[in-house]
Amino acid sequence: MARWGMVFDIRRCIGCNACVVGCKQENSLPDGVFFTRTLSEDYGVFPHAGRVYIPTLCNHCEDAPCEKVCPSGATYTREDGIVMVDDSKCIGCNSCAVACPYDQRTSFGEDIMEKGLFGEGELTPFEEQGYTRFTPGTVTKCDFCSERVDSGLDPACVVTCPTDARIFGDLDDPESAPSKLIRERGAQQPMPEKNTKPKVYYVT
């Protein structure tokens, strides 16, 4: 059984947000809802200034605080390490959102589901067929495109990245692309002081 994880290569990320668009399309996400974001930070002083882009998503923690606090068992971890949400069990209490130190949870309200892409109360045909996967009053997040992974495909954000800044694979396989990057380039996990043991890493 694989243990899926992802490495972000900060040197390669150009902040194009193709990953964000790919994710929204793959998951039929309503307006204002994101499972992945690309943050940016400026550094230096002109003429030696620059900007670094920092991709983010659910870190699928080994010791997931969101799972620990979920009172209904809606948040659970698959055998392959992907942290999931069963919306049939979710009661919308938002305990998971409060517990997540990475701010990677989204609550779906009726207003989000009804607004539509153009904010006029009418859904496009794409939205109508896609929104059926969400249940108003529940909480959701990135699941590494689990359906794609189960079919042997990479997550949509990985496929759409034009610079290969997102590297997905089996962390338990020492010869996988992410394992090699972690080993060879001294990858770091986000907010290690939280002791959540994320399965997402960054290399610079």
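1. Let me start with the strand pairing. Strand 1 (residues 4-9) and strand 9 run parallel, with 4 bridges joining them. One register point is handy if you want to check this on screen: aspartate 9 sits opposite valine 203 of strand 9. Bear in mind throughout that this is a predicted model.

2. Staying with strand 9, which covers residues 200-203, the side chains alternate: Val200 and Tyr202 point one way, while Tyr201 and Val203 point the other way. Are these four buried or exposed? Every one of them is buried, on either side of the strand.

3. Now the overall picture. The protein chain contains 8 helices and 9 strands. Its radius of gyration is 17 Å, close to the 17 Å from the globule rule for 204 residues, so the chain is as compact as a globular protein of that length. Along the principal axes, the C-alpha trace spans about 45 × 40 × 30 Å.

4. On burial and contacts: 45% of the 204 residues are buried. If you take contacts between residues at least 6 apart in sequence, 61% of them link residues at least 24 apart.

5. Surface and charge, for anyone setting up a calculation. The exposed area of the protein chain is about 10800 Å², and carbon and sulfur atoms supply 50% of that. There are 21 positive side chains and 31 negative ones, and the centres of the two sets lie 7 Å apart.

6. Which peptide bond should you look at for a cis geometry? The one joining phenylalanine 46 and proline 47 is cis, with omega at about 10 degrees. Proline 47 belongs to the loop between strand 2 (36-43) and strand 3 (50-57).

7. Two residues other than glycine deserve a look for their positive phi. Phenylalanine 144 has phi near 60 degrees, and you will find phenylalanine 144 in the loop between strand 7 (139-140) and helix 6 (146-150). With a relative accessibility of 1%, phenylalanine 144 counts as buried.

8. The other one is asparagine 195, again with phi near 60 degrees. Asparagine 195 is in the loop that runs between helix 8 (177-184) and strand 9. How accessible is asparagine 195? Its relative accessible area is 55%, so asparagine 195 is exposed.

9. Alanine 156 is part of helix 7 (residues 156-160). Alanine 156 has 5% relative accessibility and therefore counts as buried. Which residues does alanine 156 touch, once neighbours within four places in sequence are set aside? Gly22, Glu26, Cys145 and Arg148 are in contact with alanine 156. As for alanine 187, which is 31 residues from alanine 156 along the chain, the C-alpha atoms of the two are separated by 23 Å.

10. Last, glutamate 128 in helix 5 (residues 125-130). Its relative accessible area is 48%, so glutamate 128 is partly exposed; the cut-off for exposed is over 50%. Where does serine 28 lie relative to glutamate 128? The two are 100 residues apart in sequence, but 9.2 Å apart in space, C-alpha to C-alpha.

Definitions and conventions
Residues numbered from 1 in each chain as written. Predicted model: local features only at pLDDT ≥ 70, side-chain atom pairs only at ≥ 80, totals over all residues. Heavy atoms only, no water. Buried < 20%, exposed > 50% of the residue type's maximum accessible area, 1.4 Å probe, protein only. Helix = DSSP H or I, 4+ residues; strand = E, 2+ residues; numbered from the N terminus. Pairing = 2+ DSSP bridges. Rg over C-alpha atoms; globule rule 2.2 N^0.38 Å. Contact = heavy atoms within 4.5 Å. Areas by Shrake-Rupley, 256 points an atom, 1.4 Å probe, with all protein chains shown as cover. Lys, Arg positive; Asp, Glu negative; His and termini not counted. Charge placed at Lys NZ, Arg CZ, Asp CG, Glu CD.
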